[in-house]
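Hi there,

Here is the structure I promised to pass on to you. Please open it next to this message, and the notes below should be easy to follow.

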Amino acid sequence: MLQQEMSAKSGPSEAAALAERRGDSRRPVIRSAKIFISANGGGGVFNCLILDQSSAGVLVDMGTLAELPEEVTLQMSGGASYLARRCWAAGTKAGLEFIGGQIVTEETSQRMARIADVLQRQGVAAAVATLRTARFLDHDKLRHIAEAAEAAVQRLEAALTGQEPI
């Protein structure tokens, strides 16, 4: 693993040493992304720019000094998401290594956005039916959230129609 953290005063020779340790060559890109910090890391979301990318990781610029925990979720513009490990941090930049494959692909993210539109236009029942059709309820977390939403709607209807005391 690359060194955990570099000081903000890193010189060019240190950056060159890091570049030489990379397993995969990176290609330059400019792409917006979000870094999600888990609840046990304090929670939160940071906007950032991806400056270069390889199949194994990315170089991000946070635009401000930010202390990232060891593991984060990186969501790229377009929706692709990865679990990532911070390999190093220097100033506003950090090197992140992907842990495993994509959590959510861009295609899946687009399908989820369409289901969110169904939710807004047609309500919970239609959105849950669409989730079932798309087989997203095979995903434990989505299934749990959808079941909780269905139950909440049923309780609300029962309260509003007098079938359940308020």
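Below is what I found in it, starting with the overall fold and ending with the charged pairs.

First, a word of caution: this is a predicted model, so please read everything here in that light.

**The fold**

The chain has 166 residues, with 4 helices and 6 strands. Reading from the N terminus, the order of elements is α-β-β-β-β-β-β-α-α-α. The 6 strands close into a barrel, in the order S1-S2-S3-S6-S5-S4, with antiparallel pairing. From one strand to the next, the twist averages 45 degrees.

Some totals for the chain may help as well. Of its residues, 29% count as buried. The exposed area is about 10300 Å², and 52% of that is supplied by carbon and sulfur atoms. If you take the contacts with a separation of 6 or more, 48% of them are between residues 24 or more positions apart.

**How the strands pair**

You may like to walk around the barrel from S4. On one side, S4 pairs with S1 in the antiparallel sense, over 4 bridges, and Phe 36 stands opposite Thr 73 of S4. S4 is also joined to S5 by 5 bridges, and these two strands run antiparallel. There, Val 72 has Ala 84 in S5 as its bridge partner.

S4 and S5 form a hairpin with 4 residues between the strands. Have a look at Gly 78 in this hairpin, as it takes a positive phi near 100 degrees.

Elsewhere in the barrel, S3 and S6 are an antiparallel pair with 5 bridges. Leu 59 has Gly 95 in S6 as its bridge partner.

**What is packed inside**

Which residues have the most contacts inside the largest nonpolar core? They are Ile 35, Val 58, Val 60, Leu 74 and Leu 96, in a core of 19 residues. The elements that give two or more residues to this core are S1 (27-37), S2 (44-53), S3 (57-61), S4 (71-76), S5 (81-90) and S6 (93-104). Apart from this core lies another one, of 9 residues, including Val 118, Ala 126, Phe 136 and Ala 146.

S4 is a good strand for seeing the two sides. Val 72, Leu 74 and Met 76 make up its covered face, while Glu 71, Thr 73 and Gln 75 make up the uncovered one. The pairings above touch both faces: Val 72, the partner of Ala 84, belongs to the covered face, and Thr 73, opposite Phe 36, belongs to the uncovered face.

Leu 96 is worth a click too. Beyond its neighbours within four places in sequence, Leu 96 is in contact with Arg 26, Ile 35, Ala 56, Gly 57, Val 58, Val 60, Leu 68, Val 72, Ala 84, Arg 85 and Arg 86. Among these contacts are Ile 35, Val 58 and Val 60, which are also listed with Leu 96 as residues with the most contacts inside the core.

**Charged pairs**

How many salt bridges does the structure hold? There are 6. One of them joins the side chains of Glu 106 and Arg 31, at 2.7 Å from N to O. Glu 106 is in helix H2 (residues 106-122) and Arg 31 is in strand S1, so this salt bridge ties together parts that are 75 residues apart in sequence. Glu 106 counts as partly exposed, because its relative accessibility is 32%.

Another group centres on Arg 85, which has two acidic partners to show you. The side chains of Arg 85 and Glu 70 meet in a salt bridge at 4.0 Å, N to O. Here Arg 85 is in strand S5 and Glu 70 in the loop between S3 and S4, 15 residues apart. Arg 85 also forms a salt bridge with Glu 97, where the closest N and O atoms are 3.4 Å apart. Since Arg 85 lies in strand S5 and Glu 97 in strand S6, this pair ties together parts that are 12 residues apart in sequence.

Glu 70, Arg 85 and Glu 97 are thus linked in a network of salt bridges. Are these three residues buried or partly exposed? Arg 85 is partly exposed at 22% relative accessibility, Glu 70 is partly exposed at 39%, and Glu 97 is partly exposed with a relative accessible area of 31%.

Happy browsing, and best wishes!

Conventions. Residues are numbered from 1 along each chain as its sequence is written. This is a predicted model: local features need pLDDT of at least 70, side-chain atom pairs count only at pLDDT 80 or more; totals for chains, interfaces and linings use all residues. Side-chain values use heavy atoms; hydrogens and water are left out. A nonpolar core is a set of buried Ala, Val, Leu, Ile, Met, Phe, Trp, Tyr and Cys residues joined through side-chain atoms within 4.5 Å. Buried means under 20% relative accessible area, exposed over 50%, partly exposed in between (1.4 Å probe, protein chains only). Contact means heavy atoms within 4.5 Å. Two strands pair if DSSP finds at least two bridges between them. Accessible areas come from the Shrake-Rupley method with a 1.4 Å probe; for residues, only the protein chains shown count as cover. Axes are lines fitted to C-alpha atoms, for helices over the stretch in contact, and angles run from 0 to 180 degrees between N-to-C directions.
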